[in-house]
Each structure stands twice: as structure tokens, then as C-alpha cells.
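Reader: I should like to take a close look at a single part of this model, namely the surroundings of the ligand. Please guide me through them step by step.

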Amino acid sequence: MQRLADDRLRAAGVEVWLKREDLIHAEVPGNKWRKLKYNLAEARVRGDRTLLTFGGAYSNHIRAVASAGSRCALSTVGIIRGEQHLPLNPSLAFAVRQGMRLGYLDRDAYRRKADADVLDGLRAEFGSFYLLPEGGSNELAVLGCAEIPAEIDMDFDVICCACGTGGTLAGIAAGLRPGQRAIGFSALKGGSFLEREVDALQFRTFGSRRGDWRIETGYHFGGYARATSELEAFIADFRDRHGVVLDRVYVAKMMYGTYSLARAGVFEPGSRVVAVITGPSFPPSA
Ligand SMILES: *Cc1c(COP(=O)(O)O)cnc(C)c1O
């Protein structure tokens, strides 16, 4: 936990603490570690020797699965959206160095990646596998993320995290104590679909909605992996003030949104807010 000393927050009467999940592990950091924890245990119980998962060409999840698999003596397959581009970008090159085999699905097939015929095709090509959904968000991932709040050994009122698939928020919200609430910040444009996703993940995992949570959809800065000069300036200023380089795809948007809600008086004076740093900043080229 790292407290932010920041005049703007002081002026808003709010304490903000960073939960540095980015420091969990260099190659399997943050929420990717949380989501894989129980899935890797389950793959071992089932005797599966291969993990297969899906992602975009710059996916942090693909990198994390490749590294975790190699460390756990499991082979890995990454199914990438779109066509192959050579040379591989640094992210996919890293995955291949960890021993990951790559496959590609065109956009139409990728949209149907959970359908039985697509999965049968992948089994025919790669053999049997333990399936991790895109972004790694399934019930076991939600259980892993639900352990985050209990590790914060101080009282807090609000916890903020970034949302891609919503698995992290679904878990964090489920781990809250009464009186605490969670706010997710969509890193994607049109993030209102995330309400249904988080709801569905909580229903599948726990049988009901859990915790007090909501999603902010106005801090996407143009959409997934996009940024504006305003966001870039915020990242640079945050680095100068606090020595933390925020990941521009997810974490910076959450942090900007948290400051903005503080300024708008959304948090009661005296509130203690925890901002979860769900992962590190990889170099822009990676
Ligand atoms: C993958 C990722 C997310 C998205 O998490 P979801 O559980 O998919 O919502 C957020 N932050 C970082 C740093 C990530 O790498």
C-alpha cells in the first residue's frame, strides 16, 4: 500500500492509497496473477498438460499465460485475433520465447471462439487443453480477485479498479466488507455492456450479485488502447509527482477517473479510497 501525497486530493478532503498489485510478479503481474492462481491449480487437478487462451496481439493476458505456463511446466497455446504479422510484436515474441504456440482466428471466427465447432477445430489442431477465456475471466478468476480486499489491512470506503472484461471488478466487489463500495472504470468505449458481464460473472461464481459496485463509462479516452494528449499529460505528471508510471491502456484511465471523481466531490470528505494498480506499464512498443 502506498499513500499518495497530493495537494489536489488534500483539497478534495480525500485520502488515496495505491494497492501495488503491479509488483506481485514481473511476468505474471497484478490481476493476471490473481486470475490464474486457481485456474492453474484446477488444470493440475484435472491433469491437463496444456493451457489454451485467446487475446489480441498486445494482450497482457497472453503474455502472463505464456510465462505462467512455462513456470508451471504446462504447455500453452495463444489464439490471437486477426492475421499473423511478421515479425511478431514484442508482446507475442515474448510469448513465443516462453514456449507458447500461436494460432490465429479471423475476426468472424474470433467472435465465435466459445462455440463448440470453433473449439473442436482448436482441439483437432492443438490436442486437448484447459480453456481459459479471453482476458482469463471465469469463476475461478473471480475467486482469485476476491482475495484482493482482504489483503488491505486498513479501513477504506471505496476501492477503484480498471475494467476490461470485468472479472477483476466482479471479484473485488465480492470481497468487500459491508459499507465499502467498488467503482470500475471502463477502458473501452461503450462500457455499459460491462454491467451485464460483471453481473453474469458474479451469478456464475456465487449464484447472486455481490457487493456494492458500479461502473464509470466516461473515462475511456477514445476506446481500448487509445489515449488523448490529456491522458498522456496526466501520466507524465503522475510519474513526476509519485514516481509511478501508470499503464496507459487500463490503469491511467482508472487513476484519472478517480482524481476526477474526487474533484467533483463524489467521495465524502474524509473518505479513504484505494486505487488498485492492476498491472505495470509495459513499454509502448510492447
Ligand atoms: C487485463 C488488465 C485489466 C482488465 O481486467 P479485467 O478483469 O479484464 O476487467 C486491468 N488492468 C490491467 C493492468 C490489465 O492488464
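Which element supplies the largest share of the shell around the ligand?

Author: In this predicted model, the largest share of the shell comes from helix α2, which provides 3 residues. Helix α2 spans residues 30-46, and helix α8, residues 167-174, likewise supplies at least two residues of the shell. Altogether, 16 residues surround the ligand, and the closest are K32, K35, G164, T165 and T168. Sorted by class, the shell holds 10 polar residues, together with 3 nonpolar and 3 charged ones.

Individual contacts give this picture more detail. For K32, an N or O atom of the side chain lies 2.7 Å from an oxygen atom of the ligand. The side chain of N60 also takes part: one of its polar atoms is 2.9 Å from a ligand oxygen. With G167, by contrast, the backbone is involved, and a polar atom there is 3.4 Å from an oxygen atom of the ligand. The degree of enclosure can be stated as well: the ligand taken alone exposes 390 Å², and the protein buries 96% of that area.

To summarise the part you asked about, α2 and α8 each contribute at least two residues to the shell, and polar residues number 10 in it, against 3 nonpolar and 3 charged. Among the contacts described, K32 and N60 reach the ligand's oxygen atoms through their side chains, whereas G167 does so through its backbone.

Note on methods: Residues numbered from 1 in each chain as written. Predicted model: local features only at pLDDT ≥ 70, side-chain atom pairs only at ≥ 80, totals over all residues. Heavy atoms only, no water. Near = heavy atom within 4 Å. Polar contact = N/O pair within 3.5 Å; in protein donor to acceptor, adjacent residues only side chain to side chain. Areas by Shrake-Rupley, 256 points an atom, 1.4 Å probe, with all protein chains shown as cover. Helix = DSSP H or I, 4+ residues; strand = E, 2+ residues; numbered from the N terminus. Nonpolar A, V, L, I, M, F, W, Y, C, P; charged D, E, K, R; others polar.
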